[in-house]
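Here is a short tour for anyone opening this structure for the first time. Keep the 3D view at hand and follow along.

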Amino acid sequence: MAQPMTGRSLRDWLPKLVLSPTVAMMAIFVYGFIFFTTYLSFTDSRMLPSYEWVGFDNYATLFKLRTWDIAVNNLLIFGGLYIGICCLLGLTLAILLDQKIRAEGFIRTIYLYPMALSFIVTGVAWKWFLDPGIGLEAVVQGWGWESFEFDWIKDRDMAIYTVVIAAVWQTSGFVMATFLAGLRGIDGEMLKAAEVDGASTFALYRRIVIPQLRPAFLSAFVVLAHMAIKSYDLVVALTNGGPGTATEVPATFMYSYTFTRNQMGVGAASAEIMLLTIAAVIIPYLWSELREKK
Amino acid sequence: MAFTKTSKLLATVAFTSAIGSAAMAQEVEVLHWWTAGGEAAALNVLKEDLASKNVGWQDMPVAGGGGEAASTTLKARVAAGNPPTAAQMLGMQLREWANEGALGDLSSVAEENNWAEVVPAAVQEFAVNDGKWVGAPVNIHRPNWLWINAEIFDAQGLTPPTTWEEFNAAADKLQEAGITPLAHGGQPWQDATVFDDVVLGIGGPDFYRKAIIEADMDALGSDTMVQVFDQMRKLSGYVDENFSGRDWNLATAMLLNGEAGMQLMGDWAKGEIIRADMVPGEDILCVAAPGTEGSYLFNTDFFGAFDVSEESKPAQMELAASIMSKEFQEAFNLVKGSIPARTDVAPDNFDACGQKAMEDIVEAADNNALLGSMAHGHGQTSSVQRAMFDVVTEHFNSDMSSQDAVEELQIAVESAML
């Protein structure tokens, strides 16, 4: 009689036991440090953490800084274009791939491959490719088209768009895969019925297919939005915030204020703003997801 | 978010120090960012010297970013209560660490070896904090050099400029001849290196001290500062189109292969010149940046001594004594391109530029014109320094007017000092 009892209690305990180190580490290294950072953002920490309470001073300083303005504006430009173009391109590719074409698996792999690279690699590769001295511009001019110009990466007004180009190149394949999965989930019978009723292909996609992709859109949006907000490595590798401060984004701002400028309080405050922005995207999503499950 | 990064660093650090277990009776752990071939070889001199005194060397190199990565690692180590025996740092960092109360005291070894007699007073201002020696200086770099491609200047019939007007005239002539006048890389610290030269060249040493080192608001907002930005605007027209983001050594390469006529860069450029089989002072001339003859901007690498446990202190003292020995100072600085941090090393083995530097520094020190370089962490605290970088870079890369730049500079410096 004792045998099954211990067996059951072991079965009850084992999952919790196995999970507990992960939970403990998450609690300390993710949530613990989030609280620590929050606390620091209200202190006068400079080079090292300090515990002198200063209230909202750091936030006031933060929003007076020109660099922060630039960083936030860049995030809006970058985030908007990045999410928009990725979704549009991903959807187009997914629809084209869904036409029962030959070698679909091969083509799909090609589009997905950039996702396998780290942003650092993408950044460095695009930095060379876009460099007017050695990259695209030099090559095309070498071919004889002397007046060809593409120096966005050196142009302070256009540099942020090169970040968009590189990021879109990296992620649109992933968005395509998300949409493709969504497309495959649509009931073929419904499409056949619509065709019988005489719907054009365009109307078919506009009225039936795309509305049914709503969940795929939502997941793509959430993934892209948080990637946009925390983008750091791509910017560092591609432009390092330059020319001047033209491509500074909140994440590079946070790092430089916290670690190189010895203004840890301001850096922590900017980290908080980023956290809240991400939370504003993720929490409603999680809430709606979890509610639907029940 | 910031702290998950720190914790990762901590974990890495804990791991690396765990595997590097000790064999020697005494051991020093030294954090530095000298990982390039020549510098690493020069550090070997120090390691061997310590080994002969039976002191082990636990190397902790953190490469990259002119010490930015190293400084982040160092903060994590100190915050965790486990500082290294000594860490490479620039003057202002040394002062900031000393003010945090994290540094120890090298005064006994300093007195024994008479450091106060041989180290220039301006360097001592950083090395001595509150009457205590907190760090040992390794070298003295001079960022205010103008490097000139002699062949180009000969061909164009130009002579090295000694004022900014002469510089502009020479640059115009080069530009007409289709040569890029100024080899430059658009990175904030390089822009700031040039800015330092212009402030010192136009305003003179007293203005530099007031505006940069004391961050005096009137000086920062003065007409002289407007002229400085006017000159910066001129300079931004003398660089090639593709300058933005370029590393300094690539800019030096342009100078060496004759694409550009001049470069404003510190004496570490010598390493590149020698590697290209050219002779500093002959193929590539070294003169003080326009208008700065008689003054000497400097930046020094120190080994800051942390407040370590009693049993580690003897080894720390040995380390400091070895760093300040004439042999190491000479061997290291011959490789590094800088000059020794003690003035009693014979100049015979140094090249023409090094010998000129050793003469100039004595003259500048006598005239009270030996000044810490803002671009290289000896003029201002990190936050004010970076605020100045922001404005200088912003101005250099845009069409901002000099008047606007001066106002921006005042605002940025003021808000960074809060």
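## Chain A and its record

How much helix and how much strand does chain A have over residues 264-287? The chain is 100% helix and 0% strand there, and the end C-alpha atoms sit 33 Å apart. Keep in mind that this is a predicted model.

That stretch is also named in the UniProt record. An unreviewed entry there lists "transmembrane region" for residues 21-42, 75-97, 109-129, 158-183 and 264-287 of chain A. Take residues 75-97 of chain A as another example: this part is 100% helix and 0% strand, with 31 Å between its end C-alpha atoms. An unreviewed UniProt entry also gives "domain: ABC transmembrane type-1" for residues 72-287 of chain A. Over that span the chain is 74% helix and 0% strand, and 27 Å separate the end C-alpha atoms.

## One helix up close

For a look at a single helix, try α10 of chain A, residues 214-230. Its 17 residues reach 25 Å from first C-alpha to last, close to the 24 Å expected at 1.5 Å a residue.

Which residues of α10(A) are buried? They are A:A216, A:A220, A:L224, A:A228 and A:I229. As background, an α-helix has 3.6 residues a turn, so residues three or four places apart point the same way.

## Around the end of chain A

Now move on to helix α13 of chain A, where you'll find A:A271. Is A:A271 buried or exposed? A:A271 is buried, because 26 other C-beta atoms lie within 10 Å and 20 or more is enough to count as buried. One residue to spot beside it is A:A251: the two are 20 residues apart along the chain, yet their C-alpha atoms are separated by 7.7 Å.

Two asparagines are worth a stop here. Most residues other than glycine have a negative phi. A:N240 has a positive phi of about 50° although it is not a glycine, and A:N262 has one of about 55°, again without being a glycine. A:N240 belongs to the loop between α11 (233-238) and α12 of chain A, while A:N262 is in the loop between α12 and α13 of chain A. Their surroundings can be compared by counting neighbours. A:N240 is partly exposed, with 16 C-beta neighbours inside 10 Å, whereas A:N262 is buried, with 26 other C-beta atoms within 10 Å.

## Where the chains touch

How many residues does each chain bring to the contact? Chain A gives 34 residues and chain B gives 27. On the chain A side, the elements that supply two or more residues are α1 (2-40), α2 (57-64), α12 (250-260) and α13 (264-293). Sorted by class, this side of chain A has 16 nonpolar, 14 polar and 4 charged residues.

## The five-stranded sheet of chain B

Over in chain B there are sheets to look at. One is an open sheet of 5 strands in the order β2-β1-β3-β13-β6, with mixed pairing. Why do β2 (55-61) and β6 (135-137) of chain B each have one side without a neighbour in the sheet? They stand at the edges, each with a single partner strand, so nothing in the sheet flanks the other side. On average, neighbouring strands of this sheet are turned by 25° against each other, direction ignored.

Strand β1 of chain B (residues 26-32) runs parallel to β2(B), and 7 bridges join the two. Along this pair, B:Q26 has B:V55 as its bridge partner, and B:V30 stands opposite B:D59. β1(B) is mostly covered, with 5 of its 7 residues buried. Helix α3 of chain B (residues 68-79) lies across β1 and β3 (86-90) of chain B, at about 130° to β1(B).

## The four-stranded sheet of chain B

Another open sheet of chain B has 4 strands in the order β9-β10-β8-β11, also with mixed pairing. Here β9 (180-183) and β11 (284-288) of chain B are at the edges, each with a single partner strand, so one side of each has no neighbour in the sheet. Neighbouring strands are turned by 25° on average, direction ignored.

β9(B) and β10 of chain B (residues 260-265) run parallel and are joined by 3 bridges. B:A183 has B:Q263 in β10(B) as its bridge partner. Helix α13 of chain B (residues 248-256) lies across β8 (145-149), β9, β10 and β11 of chain B, at about 145° to β10(B).

Definitions and conventions:
Residues numbered from 1 in each chain as written. Chains lettered and ligands numbered in written order. Predicted model: local features only at pLDDT ≥ 70, side-chain atom pairs only at ≥ 80, totals over all residues. Contact = placed C-beta atoms within 7 Å. Nonpolar A, V, L, I, M, F, W, Y, C, P; charged D, E, K, R; others polar. UniProt positions renumbered as here; feature names shortened; annotations may be inferred. Pairing = 2+ DSSP bridges. Axes fitted to C-alpha atoms, helices over the stretch in contact; angles between N-to-C directions. Buried ≥ 20, exposed ≤ 12 C-beta atoms within 10 Å, placed from the backbone. Expected span 1.5 Å × (residues − 1).
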